[in-house]
Amino acid sequence: MKFQISFSLFLVVLISCSQSEKDKKDKKEDKGKIIEIKNKFNEEEVKWFKNKGTATINGIAKFKSKKGELRFGEEFRIELQPYTAYTEERLSHIYKNNNGDFVYIEDGVPKFRPDPKVYHDTKKNMCNKLGEFKYKELPAGNYYVIAFMLWDNTGGGIMRKIELKDGENKIIKMTNF
């Protein structure tokens, strides 16, 4: 009886580890291939994004490479995207956590189909020399903030999902360490 319980427990642990490894393998297989997005990008859903509002985002972005090199500064771009089901599905193939995560460019980035041009109509900004960035006069809504911090074929991206209310000043820290 004791053997059966021990063996059963061993099988549960083995299966859960195998599933975890399978999930990691599936994510790795997403990198570099074309992924079909099931949700349609609806331009009408994001019309609010172009409106002038009263909210702001102040942030800082810093990235540590796989080799431990810390980088930040004026060469790094920040993009602000409105939330849509299409965007959420697409980002779920890049980042493990839809609310915030990071990726290394060396691990590869998948391509997507469809890849509508209007999806890329985002608000773009650059960091200052300290790694700080700011967006102002934003309408209330749900957003993805994405920092692209790439240099010498290394670096990566950091993503955060945020909600802004009218008049809110949201402060965010985007780091992978």
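Helices here are DSSP runs of H or I at least four residues long, numbered from the N terminus. A85 lies in one of them, helix α2, and that helix is a handy way into this predicted model. The helix covers residues 85–92. A85 itself is partly exposed, since its relative accessible area is 29%, which falls between the 20% and 50% cut-offs. Its C-alpha atom sits 10.0 Å from that of I37, a residue 48 places away along the chain.

Stepping back for a moment, the protein chain has two helices and 11 strands. Read from the N terminus, the order of elements is α-β-β-β-β-α-β-β-β-β-β-β-β. Of the 177 residues in the protein chain, 36% are buried. The contacts reach a long way along the sequence: counting those between residues at least 6 apart, 79% join residues at least 24 apart. As for the outside, the accessible surface of the protein chain is about 10900 Å², and carbon and sulfur atoms account for 54% of that.

Back to helix α2. Its buried residues are Y86, T87, E89, R90 and L91. What do these buried residues pack against? Their partners are the strands β1 (34–36), β4, β6 (111–113), β9 (141–151) and β10 (154–164). A general point about helices helps when looking at such a list: an α-helix has 3.6 residues a turn, so residues three or four places apart point the same way.

Among the buried residues of α2, E89 is the one to pause on. Leaving aside residues up to four places away in sequence, E89 touches E36, I37, K38 and N39. Why does E89 have no salt bridge? The nearest side chain of opposite charge, K38, is 4.8 Å away, and a salt bridge needs the nitrogen within 4 Å of a carboxyl oxygen, so the pair does not count. E89 is therefore a buried acidic residue without a salt bridge.

Aromatic side chains come next. A search of the whole structure turns up 13 aromatic pairs. One of them joins Y86 and Y119 edge-to-face, with 5.2 Å from centre to centre and 70° between the planes. Y86 belongs to helix α2 and Y119 to the loop between β6 and β7 (123–126), so this pair ties together parts that are 33 residues apart in sequence. Y86 and Y119 are both buried. Elsewhere, F63, F76, F102, Y104 and W151 make up one aromatic cluster.

Now for the charges. Side chains of opposite charge can pair when their charged atoms come close. How many salt bridges are there? The count comes to 11. In one of these, the side chains of K50 and D121 meet at 2.4 Å, N to O. K50 is in the loop between β1 and β2 (55–64), while D121 is in the loop between β6 and β7, so the salt bridge ties together parts that are 71 residues apart in sequence. K50 counts as exposed because its relative accessibility is 56%, whereas D121 is partly exposed, with a relative accessible area of 41%.

Other salt bridges join residues of the sequence as follows. K47 pairs with E44, and the closest N and O atoms are 3.4 Å apart. E44 is exposed, at a relative accessible area of 53%. E79 pairs with R77, with 2.9 Å between the closest N and O atoms. Is E79 buried or exposed? With a relative accessible area of 8%, E79 is buried, whereas its partner R77 counts as partly exposed at 32% relative accessibility. There is also a network of salt bridges that links E69, R71 and E75.

Finally, the surface has a nonpolar patch. L70, F72 and F177 together make a patch of about 270 Å². F72 is found in the loop between β3 (70–71) and β4 (77–82). Is F72 buried or partly exposed? Its relative accessible area is 31%, so F72 is partly exposed, and that value also clears the cut-off of over 30% that a patch residue has to meet.

Definitions and conventions. Residues are numbered from 1 along each chain as its sequence is written. This is a predicted model: local features need pLDDT of at least 70, side-chain atom pairs count only at pLDDT 80 or more; totals for chains, interfaces and linings use all residues. Side-chain values use heavy atoms; hydrogens and water are left out. Buried means under 20% relative accessible area, exposed over 50%, partly exposed in between (1.4 Å probe, protein chains only). Contact means heavy atoms within 4.5 Å. Accessible areas come from the Shrake-Rupley method with a 1.4 Å probe; for residues, only the protein chains shown count as cover. Patches are made of residues with over 30% relative accessible area and no salt bridge: like charges are joined within 9 Å, nonpolar side chains (Val, Leu, Ile, Met, Phe, Trp, Tyr) within 5 Å. Rings of Phe, Tyr and Trp (its six-membered ring) pair if their centres lie within 6.5 Å; planes under 30 degrees apart count as stacked, over 60 as edge-to-face and the rest as tilted.
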